[in-house]
Amino acid sequence: MIERYSLPEMAAVWDEEFKLGLWLKIEIEAVKAWAKLGKVPADAAERIEKNASLDIARMQELERATHHDVIAFLKTVGETVPSDAHHIHVGMTSSDILDTTTGVQIAMSGRLILEALDGLADAVRELAIKHKDTPIIGRTHGVHAEPMSLGVKFAYWWDELSRVGDAVALAVGGAAVGKLSGAVGTYANLDPRVEEMVCEALGIRPADVSNQVVSRDRHARYLNALALLGSVIARHALEVRLLARTETSE
């Protein structure tokens with residue numbers, strides 16, 4: 001993200017340290033799920049939840065040797081719970097934590113965007129009502145046309161924002177998913193109930209179907225919806241800018 005243009009709360013969601021914290025949470029929640037299913041001793045799960053931690057500097061050191069971020073991560077975490085490390089990452093593949101983490105980040109960032117968009121749409125709706133009888137000149141290609149109401153202009157904006165908000169919400173719902181289904185998505189070494197419990201703990205839902213990864217069309221739809229939202233806001237901003245010129249002064 002570009003620091004200069006990033007809001008603190010959004011930057012925090014996509015921060016590298018926060019991302020790695022989610023990796024650790026996923027691993028811990030998976031161990032707890034296995035314990036509930038009787039596959040991991042309860043005391044081991046308790047020790048892992050209490051003691052497992054991540055030293056990022058140590059992880060970076062190991063990554064330079066292994067050339068693999070997840071292996072370096074697991075080795076680093078394992079060093080903090082050496083007697084119980086074999087219970088971590090059981091049956092999982094790297095994408096189980098990578099894609100599930102992305103799903104959580106999309107859910108969190110999506111909520112921030114939708115909350116702000118709701119506030120914007122409400123403000124524009126209030127302007128539409130307030131100025132329903134305020135006369136302005138209509139324009140076609142920037143040239144004077146029929147008189148119209150300023151409220152109609154704001155109502156048009158509100159309608160656009162409402163529709164693009166629906167598109168963003170749908171895209172967030174489709175992309176905010178996780179997967180703990182193993183190397184090719186067959187659950188050969190994982191119980192689907194582990195996936196369900198971990199995703200529930202993270203506040204997302206399991207992908208209906210996955211293979212090695214969560215299907216990327218989910219992410220593409222999310223990015224497409226954000227691009228659409230950006231274009232709508234940019235159009236409104238451009239009109240404000242053009243009408244604010246000294247020569248126009250509207």
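Which residues of helix H8 (residues 192-202) are buried? They are Val194, Glu195, Val198, Cys199 and Leu202. Seen down the axis of H8, these buried residues fall within an arc of 120 degrees, so they line one face of the helix. The structure is a predicted model.

## Helix faces

The buried residues of H8 have several partners. They pack against H2, H6, strand E3 (177-178) and strand E4 (205-206). Just after H8 comes Gly203, with a positive phi of about 80 degrees.

Helix H3 (residues 42-51) can be read in a like manner. Its buried residues are Ala44, Ala45 and Ile48. They cover an arc of only 100 degrees around the axis, which puts them on the same side of H3. What do the buried residues of H3 pack against? Their partner is helix H2 (16-36). Turned away from the buried side of H3 is a face that carries the exposed residues Glu46 and Lys50. H2 thus appears twice: the buried residues of H3 pack against H2, and those of H8 pack against H2 as well.

## Aromatic pairs

How many aromatic pairs does the model hold? The count comes to two. Trp23 and Phe73 form an edge-to-face pair, with 5.2 Å centre to centre and 90 degrees between the planes. This pair links distant parts of the chain. Trp23 sits in helix H2 and Phe73 in helix H5 (residues 69-80), 50 residues apart. Are these two rings buried or exposed? Trp23 has 1% relative accessibility and counts as buried. Phe73 has 0% and also counts as buried.

The rings of Phe154 and Trp157 have their centres 5.6 Å apart and their planes at 85 degrees, so this pair is edge-to-face too. Here the partners share one element. Both lie in helix H7 (residues 150-175), three residues apart, about one turn of the helix. Phe154 is buried, and Trp157 is buried as well.

## Two pockets

The table sets out the two pockets by volume and by the class of their lining residues.

| Pocket | Volume | Nonpolar lining | Polar lining | Charged lining |
|---|---|---|---|---|
| Largest pocket | about 530 Å³ | 15 residues | three residues | one residue |
| Second largest pocket | about 390 Å³ | eight residues | five residues | six residues |

The largest pocket has a volume of about 530 Å³. It is lined by 19 residues, and the closest to its centre are Met1, Leu7, Met10, Ser109 and Ile113. Which elements give two or more residues to this lining? They are helix H1 (8-13), helix H6 (94-130) and helix H9 (217-243). H6 gives the most, with six residues. H6 also packs against the buried residues of H8.

The second largest pocket has a volume of about 390 Å³. Of its 19 lining residues, the closest to the centre are Arg139, Gly142, Lys153, Glu239 and Leu243. Two or more lining residues come from each of strand E1 (135-140), H7 and H9. Which element gives the most? It is E1, with five residues. H7, which contributes to this lining, also holds the pair Phe154 and Trp157.

One residue at this pocket deserves a look of its own. Arg139 lies in strand E1. It is partly exposed, with a relative accessible area of 33%. Leaving aside residues up to four places away in sequence, Arg139 touches His144, Ala145, Leu243, Thr248 and Glu250. Of these contacts, Leu243 is also among the residues closest to the centre of the second largest pocket.

## Positive phi outside glycine

Where does His67 lie? Its place is in the loop between helix H4 (56-66) and H5. Phi of His67 is near 60 degrees, a positive value in a residue other than glycine. At 69% relative accessibility, His67 counts as exposed. The loop leads towards H5, the helix that holds Phe73.

Ser249 is a further case. Its phi is near 55 degrees, again positive in a residue other than glycine. Ser249 lies in the segment after H9. Is it buried or exposed? Ser249 is exposed, with a relative accessible area of 57%.

Conventions: Residues are numbered from 1 along each chain as its sequence is written. This is a predicted model: local features need pLDDT of at least 70, side-chain atom pairs count only at pLDDT 80 or more; totals for chains, interfaces and linings use all residues. Side-chain values use heavy atoms; hydrogens and water are left out. Buried means under 20% relative accessible area, exposed over 50%, partly exposed in between (1.4 Å probe, protein chains only). Helices (H or I, at least four residues) and strands (E, at least two) are DSSP runs, numbered from the N terminus. The arc is that of the directions from the helix axis to the C-beta atoms. Contact means heavy atoms within 4.5 Å. Rings of Phe, Tyr and Trp (its six-membered ring) pair if their centres lie within 6.5 Å; planes under 30 degrees apart count as stacked, over 60 as edge-to-face and the rest as tilted. On a 1 Å grid over the protein atoms alone, a cavity is a set of points where a 1.4 Å probe fits but cannot get out, and a pocket is an open set with protein on both sides within 12 Å along at least five of seven lines; lining residues have an atom within 4 Å of a point. Grid points are joined across faces, edges and corners, and a volume is the space filled by probe spheres set on the points. Ala, Val, Leu, Ile, Met, Phe, Trp, Tyr, Cys and Pro count as nonpolar, Asp, Glu, Lys and Arg as charged, and the others, Gly among them, as polar.
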